[in-house]
Number of protein chains: 2
Amino acid sequence: MPLSAEHKERTRARILAAAGRVFRRQGYAAAAVDAVMAEAGLTRGGFYAHFPSKEALFAEVLAHDHGLIRMLAARRARSSAGWRRQTRRILGDWLAPDHLGPVREGCSFAALTADAARGGPEVRRAWGLAFERLVGELLRTPATDVDQALAMASSERRALAAQLAANAIGMLVVAAAGEDGLLRTAQAVTRAAVLEQIDRLLAS
Amino acid sequence: MPLSAEHKERTRARILAAAGRVFRRQGYAAAAVDAVMAEAGLTRGGFYAHFPSKEALFAEVLAHDHGLIRMLAARRARSSAGWRRQTRRILGDWLAPDHLGPVREGCSFAALTADAARGGPEVRRAWGLAFERLVGELLRTPATDVDQALAMASSERRALAAQLAANAIGMLVVAAAGEDGLLRTAQAVTRAAVLEQIDRLLAS
DNA sequence: CTTTTCATATGATAGTTATCATATCAAAAA
DNA sequence: TTTTTGATATGATAACTATCATATGAAAAG
């Protein structure tokens, strides 16, 4: 009998994580399948046993490989105040100037949204669902899950959360392209504004 | 004697404009030199007589092909109020939901900043200078030019202008990737916020 | 009209890419 | 231990890419 079934699953997950890193670093178009497999410690041979195409792999990355969403989803506070504090800390770290290095290769929203906009329907759909999940996580409270939060929030509050996310993504995209003092200061200003926005959002 | 000297200059400009369109549409990595030349109505042969490499062409696009900067630079108001009104109109159009289509292929900041972040030093420098020019245009008044405006503005005002630009770019990047109602509403909210920011900026 | 000169076209090259066919080989069942 | 099975590696292909060398042809000067 062949190798254990979980082994393949674990390999698939390793390829997925490697793809996220390579795509964010080089961009979707410039990232070769061979490079992704090499990053995963494999060779190209097995790739098509795990994913039907490079673009399908991209969609999968966009659907699942978002550290920010994972961190937000991991909040587990008892009190509302603790929840708010955790959310603030996660967003603050995400926009911290020192975090830019890791973020430059670490945030799929900042690194891959422009590439996702050029993708096929599957890619676009995956990105859209992930963005919606991010918005839901921003609106969520300890008492509600993502879907509930999205369903219950007014269109206005949803738009404010989406605006917050877009502001943060915009600053990360821009800050990744330049590194001078102007952008450093602007990033600090944006960070403060985003934290203020999340306070207003979670207080309502 | 050969063709007129301006002829070459005009061809170069045509290639540059074509490159902007193709790069924005397909992304830098996916855009082939042949495709750029075809868009310009030429074949690949003459390319290297105009630009030393594809990446140099990219830097040139980032340095010069920004419709927003051109529109801001074209303001010619007598009064301060007229200047402010023109600035508002340009930014408002830029972030108008209906303009998204044209903008998706029209705004180099939104379409190419992520690619610029992955470029070499020349590319990064060109992007940085263009962004700085954009910030200068936002800070400028009828009485000052871009450099003066940048030199005279406090670090805080410069940061606010950069934040405004990053907010707008972020919303365009995000809105280009998704098209649902959530993003439409968020875009409207961001548009209003940006217009408010520019009012505050120009009033001080 | 002839000649010259350079912008552009055509043709070529070396490297890369996504994808597929086939070979190998580790492990689990016998 | 032997066999089997499927995950991965190796090898191959056809297409594409950046870049360069050479050919062409149009126009301006004579």
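Colleague: Which phosphate-bearing strand does a polar side-chain atom of His50(B) lie 2.7 Å from, by way of a phosphate oxygen?

Modeller: In this predicted model, His50(B) is one of the residues that come nearest to the strand in question. A polar side-chain atom of His50(B) lies 2.7 Å from a phosphate oxygen, and that oxygen belongs to DNA strand C.

Colleague: At what distance is a phosphate oxygen of DNA strand C from a polar backbone atom of Val33(A)?

Modeller: Val33(A) also comes nearest, together with Tyr48(A), Thr11(B), Thr43(B) and His50(B). For Thr43(B), a polar backbone atom is 2.8 Å from a phosphate oxygen of the strand. For the backbone of Val33(A), the distance to a phosphate oxygen is 2.8 Å.

Colleague: Which helix gives the largest share of the surface near DNA strand C?

Modeller: Helix 1 (5-26) and helix 3 (47-50) of chain B each supply at least two residues of this surface. The surface divides into 10 nonpolar, seven polar and four charged residues. The largest share, three residues, comes from helix 1 of chain B.

Colleague: Are helix 11 of chain A and helix 9 of chain B parallel, perpendicular or oblique to each other?

Modeller: The axes of helix 11 (residues 155-177) of chain A and helix 9 (residues 121-139) of chain B come within 9 Å and cross at roughly 125°. Angles of 65 to 115 degrees count as roughly perpendicular and those over 145 as roughly antiparallel. The two helices are therefore oblique.

Colleague: Which residues of helix 9 of chain B meet helix 11 of chain A?

Modeller: The contact has five nonpolar, no polar and one charged residues. From helix 11 of chain A come Val174(A), Ala176(A) and Ala177(A), and they meet Arg124(B), Trp127(B) and Phe131(B).

Conventions:
Residues are numbered from 1 along each chain as its sequence is written. Chains are lettered from A and ligands numbered from 1 in the order in which they are written. This is a predicted model: local features need pLDDT of at least 70, side-chain atom pairs count only at pLDDT 80 or more; totals for chains, interfaces and linings use all residues. Side-chain values use heavy atoms; hydrogens and water are left out. Axes are lines fitted to C-alpha atoms, for helices over the stretch in contact, and angles run from 0 to 180 degrees between N-to-C directions. Helices (H or I, at least four residues) and strands (E, at least two) are DSSP runs, numbered from the N terminus. Angles under 35 degrees count as roughly parallel, over 145 as roughly antiparallel, 65 to 115 as roughly perpendicular and the rest as oblique. Contact means heavy atoms within 4.5 Å. Ala, Val, Leu, Ile, Met, Phe, Trp, Tyr, Cys and Pro count as nonpolar, Asp, Glu, Lys and Arg as charged, and the others, Gly among them, as polar. A residue is near a molecule or strand if one of its heavy atoms lies within 4 Å of it. A polar contact is a pair of N or O atoms within 3.5 Å; within protein, one must be able to donate a hydrogen and the other to accept it, and residues adjacent in sequence count only if both atoms are side-chain atoms.
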